[in-house]
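Please find below a note on the structure, set out as numbered points for a reader who is new to the subject.

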Amino acid sequence: MKNYTKAFKFFVNLLIFTVIISILEKGGSLLKYLNSSSTFISSNSNLTLVIFNLLLLSYALWLLIKFRKTIYTLHTDSVFSAKNGFSFTSIGRGLLFYSAGIFIIRVFENILNKPTVKGESVAYNLGRDFGAALSDRIPLLVIAFFLLIVAQLIKEGYDLKQENDLTI
């Protein structure tokens with residue numbers, strides 16, 4: 001169990017590092033849009049998307065740091081505690097909200113940045129943009145639902161532990 005926990009800690013630390021890199025990349029994009037002299041409407045919409053991206057990435061970083069703290073307490077505390085159940089639930093829900101937010105941003109980015117091809121309908125382009133944005137979010141949605149299932153198992157394990165502690 002200890003080796004698996006170490007590997008899991010390494011994986012979460014790696015995710016935190018990649019989110020920090022993404023925040024720095026989006027920060028560079030923000031500076032690029034602030035210094036560029038492109039058209040007002042295109043610049044404003046791209047600037048808004050970059051700002052929302054930065055906010056969502058900051059939220060994801062906060063969730064990952066919270067998840068890291070929870071994983072590091074698994075050795076010291078009992079796995080089946082109300083605190084761990086609450087942490088896993090809030091992280092799972094947070095990842096669902098993050099996925100929904102990034103999905104919306106990616107759809108708008110695809111709509112704004114992809115040139116329309118003559119002869120293709122608007123519905124086709126919108127469907128293609130929805131599909132492209134959703135396909136990138138599926139792994140994160142699976143992880144979020146997995147964390148919610150684990151949170152439910154931890155809560156039920158905590159309840160069983162409480163009942164077991166009360167029996168003679």
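1. Leu148 is in contact with Thr89, Gly92, Arg93 and Leu96, when its neighbours within four places in sequence are left aside. The model is a predicted one. Leu148 itself lies in helix H4. In sequence, Leu148 and Ser87 are 61 residues apart, yet their C-alpha atoms are 9.9 Å apart in space. Leu148 counts as partly exposed because its relative accessible area is 22%, and buried residues must be under 20%.

2. Which residues touch the most other members of the largest nonpolar core? They are Ile23, Phe67, Phe88, Leu95, Tyr98 and Leu147, out of 29 residues in that core. Helices H1, H2 (40–72), H3 and H4 (122–166) each give two or more residues to this core. The largest share, 12 residues, comes from H2.

3. Phe88 deserves a separate remark. Residues up to four places away in sequence not being counted, Phe88 touches Phe67, Thr70, Leu147, Val150, Ala151 and Ile154. Phe67 and Leu147 are also among the core residues that touch the most other members.

4. The surface should be considered as well. A nonpolar patch there is formed by Phe10, Leu14, Phe17, Ile20, Ile21 and Leu24, which together have about 610 Å² of accessible area. Ile20, one of these residues, is found in helix H1 (residues 2–35). Its relative accessible area is 35%, so Ile20 is partly exposed.

5. How many salt bridges does a search of the whole structure find? The search finds 2. Side chains of opposite charge can pair when their charged atoms come close. In one salt bridge, the side chains of Arg106 and Glu109 meet at 3.2 Å, N to O. Arg106 and Glu109 are separated by about one helical turn, because they are 3 residues apart in helix H3. Arg106 is partly exposed at 22% relative accessibility, whereas Glu109 is buried at 16%.

6. Glu109 has further partners. This residue is placed in helix H3 (residues 82–113). The side chains of Glu109 and Asn53 are joined by a polar contact of 3.0 Å. Apart from neighbours within four places in sequence, Glu109 is in contact with Lys26, Leu49, Asn53 and Lys114.

7. A salt bridge is also formed by Arg128 and Asp129, whose closest N and O atoms are 4.0 Å apart. Is each partner buried or partly exposed? Arg128 is partly exposed, with 29% relative accessibility, while Asp129 is buried, with a relative accessible area of 4%.

Definitions and conventions: Residues are numbered from 1 along each chain as its sequence is written. This is a predicted model: local features need pLDDT of at least 70, side-chain atom pairs count only at pLDDT 80 or more; totals for chains, interfaces and linings use all residues. Side-chain values use heavy atoms; hydrogens and water are left out. Helices (H or I, at least four residues) and strands (E, at least two) are DSSP runs, numbered from the N terminus. A polar contact is a pair of N or O atoms within 3.5 Å; within protein, one must be able to donate a hydrogen and the other to accept it, and residues adjacent in sequence count only if both atoms are side-chain atoms. Contact means heavy atoms within 4.5 Å. Patches are made of residues with over 30% relative accessible area and no salt bridge: like charges are joined within 9 Å, nonpolar side chains (Val, Leu, Ile, Met, Phe, Trp, Tyr) within 5 Å. Accessible areas come from the Shrake-Rupley method with a 1.4 Å probe; for residues, only the protein chains shown count as cover. Buried means under 20% relative accessible area, exposed over 50%, partly exposed in between (1.4 Å probe, protein chains only). A nonpolar core is a set of buried Ala, Val, Leu, Ile, Met, Phe, Trp, Tyr and Cys residues joined through side-chain atoms within 4.5 Å.
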